[in-house]
Amino acid sequence: MTYRYRRRLMLTASAVLIALGGCADSGVKPEPHDKLTREDIRSQAALPPLSWQIPLDVDVPQGNPSLQDLQGDFDLLSWQTFVAVNWPADANGNPNTSTTIGANLPTVWENWKESREVFLPGGAAPPAWGTDSPPPEVCKGVGSGTLNLTQVGKTPNVLDESAEPFETGPLIDQNGQYVRFAIMMNRDMFDRIVKDGLYSKAGQAAFNKPADFAQPQTPSNVGAIMIKSSWKVMGRNDDTSRFHTIKALVYTNPGEHEGVSASCKSQTMGLVGLHIVHKTKDAPQWVWSTFEHVDNAPSLGEPQSKPSYNFFDKSCTACLANEPPPRPWNPNASYTQPTQVVREIPLTDATQKLNAQYQSLLRSANANSVWANYQLISTQWPTKANNPIDPSGTPAPAFLANATLETYIQGKTPQGSSSCIGCHNNATMTNGMASDFTYLLQRAQ
């Protein structure tokens with residue numbers, strides 16, 4: 001595997017002072033896993049400064065990197081990307097470079113195109129970038145929202161059986177409410193879909209070759225990025241100050257579950273999970289970064305250290321872990337038995353250390369930063385990106401699951417547990433040709 005070797009950006013002296021300000025003077029009590037040793041704090045000086053610029057690719061400073069070294073490099077790339085896409089946006093949806101990340105403000109990625117706006121009925125051409133599509137008919141007059149959260153499953157309807165041959169189902173929070181999902185794409189990916197006509201079945205048939213989102217990368221053209229997000233309704237016992245929240249139109253699609261009526265509510269939603277998927281020059285199989293809220297669920301075999309969790313009830317000793325609710329599934333129900341979620345693959349010590357460093361850095365920029373309440377789970381990347389025998393690129397780690405996006409397919413079972421690259425390596429368009437590791441193109445009509 002060949003990676004470009006570039007010297008990492010180093011903090012200026014003034015930025016180091018800001019970064020090392022720590023939590024002591026902020027009045028904010030850090031989470032137990034946020035506590036840093038003297039060695040950790042010293043190593044924090046090597047972290048790049050918080051920036052609105054999306055990194056173009058992984059940075060490998062080691063002369064002869066080990067697999068563990070490279071994993072750390074990709075995890076650092078994930079955190080840099082997380083900060084950049086969650087940077088506050090200006091009125092045009094671009095990064096507001098006059099401020100810093102921290103406050104609960106609309107983010108850059110929330111201004112990207114949602115899949116519903118790209119794959120339209122009848123294969124119609126999507127409206128231009130920066131033009132909003134009208135909300136579903138049932139939502140008109142309900143109110144405005146940052147996102148129209150329409151999905152209650154990770155994959156598009158057309159893929160429920162053919163592309164996800166695993167046990168799946170909706171995720172229910174501790175208040176008995178369905179978690180909602182959205183899939184967004186940046187302009188580089190949107191422009192390629194429009195240019196190649198991949199937004200419709202007819203366009204894909206005319207294209208008549210595998211999709212390929214590779215493109216030259218520059219600071220203003222970072223390459224294709226997809227973001228999959230999961231959101232919970234802010235309700236009883238939820239501390240909204242700990243979440244990035246939005247006011248959203250929450251739409252129940254009658255085509256998603258049999259017998260379910262269309263409905264729409266204006267609700268305050270809290271972010272609980274985030275996949276960031278970036279196609280880079282050195283990772284043609286894309287880089288798969290996944291983040292979660294720190295209060296989501298405990299890890300298997302580890303102490304249940306939180307007073308409460310978003311998706312786990314400490315008092316329910318009889319609850320079966322990671323079991324979907326029984327059918328029929330109805331997002332309009334006023335209450336559904338909560339899902340008892342347990343993370344089956346704990347975070348590594350190295351990832352937890354990097355998380356603590358970034359959480360401290362975020363609190364240094366803003367003592368009340370909501371983003372310090374999120375953690376990287378891991379990053380999956382191709383170890384042999386250009387291996388002609390294995391188009392998956394031999395991903396590492398072999399398995400990766402977000403507890404809010406792949407709740408029911410966690411673990412380490414070959415061909416059965418979640419592996420982002422392994423699963424998406426099978427993705428095709430509606431014409432049967434490869435879709436470059438994205439199932440989104442099967443939504444074309």
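**Reading strands, cores and disulfides**

Student: I see that Phe 181 stands opposite Ser 230 in strand 4. Which way do strand 3 and strand 4 run, and how many bridges join them?

Tutor: Keep in mind that this is a predicted model. A facing pair of residues is one step in a ladder of bridges, so look for the rest of the ladder and its direction. Here strand 3 (residues 180-185) and strand 4 run antiparallel and are joined by six bridges. Strand 4 also pairs with strand 6 (residues 263-278), again in the antiparallel sense, over nine bridges. One of the facing pairs there is Lys 232 and Gly 270 of strand 6.

Student: Is strand 4 buried or exposed?

Tutor: Check each residue against the cut-off: under 20% relative accessible area is buried. In strand 4 (residues 225-233), nine of the nine residues are buried, so the strand is largely enclosed by the rest of the structure. Ile 225, Ile 227, Ser 229, Trp 231 and Val 233 point one way, while Met 226, Lys 228, Ser 230 and Lys 232 point the other way.

Student: Which residues touch the most other members of the largest nonpolar core?

Tutor: Trp 79, Trp 109, Trp 112 and Tyr 358 do, in a core of 53 residues. Several elements give two or more residues to this core, including strand 3, strand 4, strand 6 and helix 7 (349-365). Helix 3 gives the most, with six residues. Beyond its neighbours within four places in sequence, Trp 109 is in contact with residues that include Ile 227, Ser 229 and Trp 231.

Student: How many residues of helix 7 are buried?

Tutor: First, a general idea: an α-helix has 3.6 residues a turn, so residues three or four places apart point the same way. In helix 7, twelve of the 17 residues are buried, and the helix is mostly covered. Among the buried ones are Leu 354, Tyr 358, Leu 361 and Leu 362.

Student: Where does the disulfide of Cys 139 and Cys 264 tie the chain together?

Tutor: To read a disulfide, find where each cysteine sits. Cys 139 lies in the loop between helix 4 (115-118) and strand 2 (148-149) and Cys 264 in strand 6, so the pair ties together parts 125 residues apart in sequence. The torsion about the S-S bond is about 105 degrees, so this disulfide is right-handed. The other disulfide joins Cys 316 to Cys 319.

Student: Why is Cys 423 not bonded to Cys 420?

Tutor: The sulfur of Cys 423 is 8.3 Å from that of Cys 420, its closest cysteine sulfur, which is too far for a bond.

Note on methods: Residues numbered from 1 in each chain as written. Predicted model: local features only at pLDDT ≥ 70, side-chain atom pairs only at ≥ 80, totals over all residues. Heavy atoms only, no water. Buried < 20%, exposed > 50% of the residue type's maximum accessible area, 1.4 Å probe, protein only. Helix = DSSP H or I, 4+ residues; strand = E, 2+ residues; numbered from the N terminus. Pairing = 2+ DSSP bridges. Core = buried A, V, L, I, M, F, W, Y, C linked by side-chain atoms within 4.5 Å. Contact = heavy atoms within 4.5 Å. Disulfide = S-S within 2.5 Å.
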